[in-house]
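Reader: Could you walk me through this one? I have some questions ready about the packing, the strands and the odd backbone angles.

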Amino acid sequence: MRAPFYHLAGVEARYRDKTALMVDELALHGGQLNVVAGLNGCGKSTLLNVLAFLMQPTQGVVKFSGKRVRWDRAQLRELRQSVTLVHQEPFLFRGSVASNVSYGAKARGISGYALQERVRKSLELVGLSGFESRNANRLSGGEARRVALARALACDPEVILLDEPIAYVDELSTKIIESLLVASVDRGVLVVVSSHDPTLGVRLNARTIRLQQGRLVQDSEAQEMYAIQSPEGSVYAIL
Amino acid sequence: MGPFTQSAGTAFRLIFSADREVFAAVWTSVSTAGWSTLIASLFGLPIGMAIGLSDFPLKRLTVILLNSLMAMPTVVLGLLIFGLLSRQGVLGVLGLLFTPKAIIVGQSLLAIPIIANYSLSAVRAADARILPTALTLGASTVQSFTQLTNEIRFGIMAAVIAGFGRVISEVGVAMMLGGNIRWYTRTMTTAIALETSKGEFAFGLALGIVLMLISFSINVGLSFMQEEQQP
């Protein structure tokens, strides 16, 4: 297995007086699917925010691609170009579906035909071909989630973080989202998904990281059998 | 025909015959209010947005102060600036008193707290996910704030319209700093006050009708913006 994308050591995150997250050690690798499981308020979203470089831990060291995160503005901009976070209830900007999907790619300097192609392909992947000119604020909940996922995929990131991507989503959207996550992992992308669903880790054949009251209490490591089976050499883990 | 109906008829004749004096006052009002709103927006919008987005120890007090400044009597503001711009004042050397520029200075200061407050409200009402979403999609800080501004553009426009509405209808600053000089600093409001005191009710009414039409249009625009701002 390659060097970890993320290495967290002694990380603690607090909201005022309340400790929201305590992780002694955690390594996350590229081409790996991780499910962060736990009850409401157990620290799943906090972990994702730390991994998305949106929240600086109060203590501890976060390394990304071997480099220590300094949490200064210049480095954060660079790091955030490698990662995208899809929120539990994703926010779609005013305007068309195409303007939403192209947002992150544009921020990465993609323009013209290449940008159009990314938008088209990303929408095709989430089963929303032809939705380019639709008003983003008039989509159903499931469509909005898929547009948010297309927006993340159009960035072509090294890491995709998803906060409860299949909560309150119809069966079709769930299938599309799950298959896209697996496909992304096969392309070497590190995927971290938070979920209430206790069966998701098993269903996706994923490594499961279980949090309880902000503490990492259980971590299932890679299942070697799957690693042998995968033609791309991707490594999955199962609880 | 009663005296009011007679005056109203004369007022409409003045408006539709494009009476030069009526339109000179309308133009002075609109141009000074336009410039004041522009200048106040340049200061008020960043102030309101900065307060809305940041967290600092005296934030609550600052918001209270900003709210209080909205209720500042225009005559008192006019008086304070008069003191600064008069010959003996600190800025007397600029020779601005009794010029349209003096009115613009006063009206800008009047509109800044209004525009700042409205933009602060727009930022507070904005969806908290806008900035994190933009940041996590790789946008720079500037790009993220641009996106936020785009998302709350109707609130921002409402702030500007409210500022314009306030300054075009005020009389204290225009009277004290402009001096109500015919063909030069006479605005609609100062002309209404003067002409009515002279017994020229029809002239005052003609300006009143124009002023009401402008204010009414502004309020319609403001209501439209506020509705658009709703999710």
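Author: Let's start with a term: a residue counts as buried if 20 or more other C-beta atoms lie within 10 Å of its own, and as exposed if 12 or fewer do. Keep in mind that this is a predicted model.

Reader: Good. What percentage of the residues in chain B is buried?

Author: Chain B has 231 residues, and its C-alpha trace spans about 70 × 45 × 25 Å along the principal axes. With the burial cut-off applied, the buried share of chain B comes to 42%.

Reader: How many helices and how many strands does chain B have?

Author: Reading chain B along the sequence gives the pattern α-α-α-α-α-α-α-α-α-α-α. In chain B, residues 24 or more positions apart account for 77% of the contacts with a separation of 6 or more. The tally for chain B is 11 helices and 0 strands.

Reader: Take α2(B) and α5(B): what are the angle and the axis distance?

Author: Two packed helices are described by the angle between their axes and the distance between the axes. Here α2(B) covers residues 20-53 and α5(B) covers residues 100-125. α2(B) passes α5(B) in a right-handed crossing, and the residues of their contact divide into 20 nonpolar, 12 polar and 1 charged. The angle is about 35°, and the axes are 5 Å apart.

Reader: Over to chain A. Is strand β7(A) largely enclosed or open?

Author: β7(A) runs over residues 159-163, and 5 of the 5 are buried. V159(A), L161(A) and D163(A) point one way, I160(A) and L162(A) the other way, and all are buried. With every one of its residues buried, β7(A) is therefore largely enclosed by the rest of the structure.

Reader: Which strands are joined to β7(A) by bridges?

Author: One partner runs parallel to β7(A) with 4 bridges, and there V83(A) stands opposite V159(A). The other also runs parallel, with 5 bridges, and V192(A) is the bridge partner of L161(A). The strands are β6(A), residues 83-86, and β8(A), residues 190-195.

Reader: And what is the handedness of the crossover from β7(A) to β8(A)?

Author: The chain leaves β7(A), goes through helix α6(A), residues 171-186, and arrives at β8(A). That makes a β-α-β crossover, and its handedness is right-handed.

Reader: How many residues of β9(A) are buried?

Author: β9(A) takes in residues 207-212 and is largely enclosed by the rest of the structure. β3(A), residues 33-37, runs parallel to β9(A) with 4 bridges, and A37(A) has R210(A) as its bridge partner. The buried count for β9(A) is 5 of the 6.

Reader: Which residue in the turn between β9(A) and β10(A) has a positive phi?

Author: β9(A) and β10(A), residues 215-219, run antiparallel with 4 bridges; L211(A) has L216(A) as its bridge partner. The two strands form a hairpin with 2 residues between them. Most residues other than glycine have a negative phi. The one with a positive phi of about 50°, although not a glycine, is Q213(A).

Reader: Is Q213(A) partly exposed or buried?

Author: Q213(A) is found in the loop between β9 and β10 of chain A. A buried residue needs 20 or more other C-beta atoms within 10 Å. Q213(A) has 14 of them within 10 Å, so Q213(A) is partly exposed.

Reader: How about W183(B), exposed or buried?

Author: W183(B) lies in the loop between α9 and α10 of chain B, and its phi is positive too, near 65°. There are 10 other C-beta atoms within 10 Å, so W183(B) is exposed.

Reader: Which element of chain B helps cover the buried residues of α3(A)?

Author: α3(A), residues 97-107, is mostly covered, with 10 of its 11 residues buried; among them are N100(A), Y103(A) and K106(A). From chain A, the cover includes β6, α4 and α5. The chain B element included in that cover is α7(B).

Reader: Last one: how many residues does each chain give to the contact?

Author: On the side of chain B that touches chain A, α6 and α7 are the elements that give two or more residues. That side divides into 5 nonpolar, 8 polar and 3 charged residues. The contact takes 16 residues from chain B and 18 residues from chain A.

Notes
Residues numbered from 1 in each chain as written. Chains lettered and ligands numbered in written order. Predicted model: local features only at pLDDT ≥ 70, side-chain atom pairs only at ≥ 80, totals over all residues. Pairing = 2+ DSSP bridges. Right-handed = clockwise from strand over helix to strand, strands pointing away. Axes fitted to C-alpha atoms, helices over the stretch in contact; angles between N-to-C directions. Left-handed = near helix turned anticlockwise from the far one by under 90°. Nonpolar A, V, L, I, M, F, W, Y, C, P; charged D, E, K, R; others polar. Contact = placed C-beta atoms within 7 Å.
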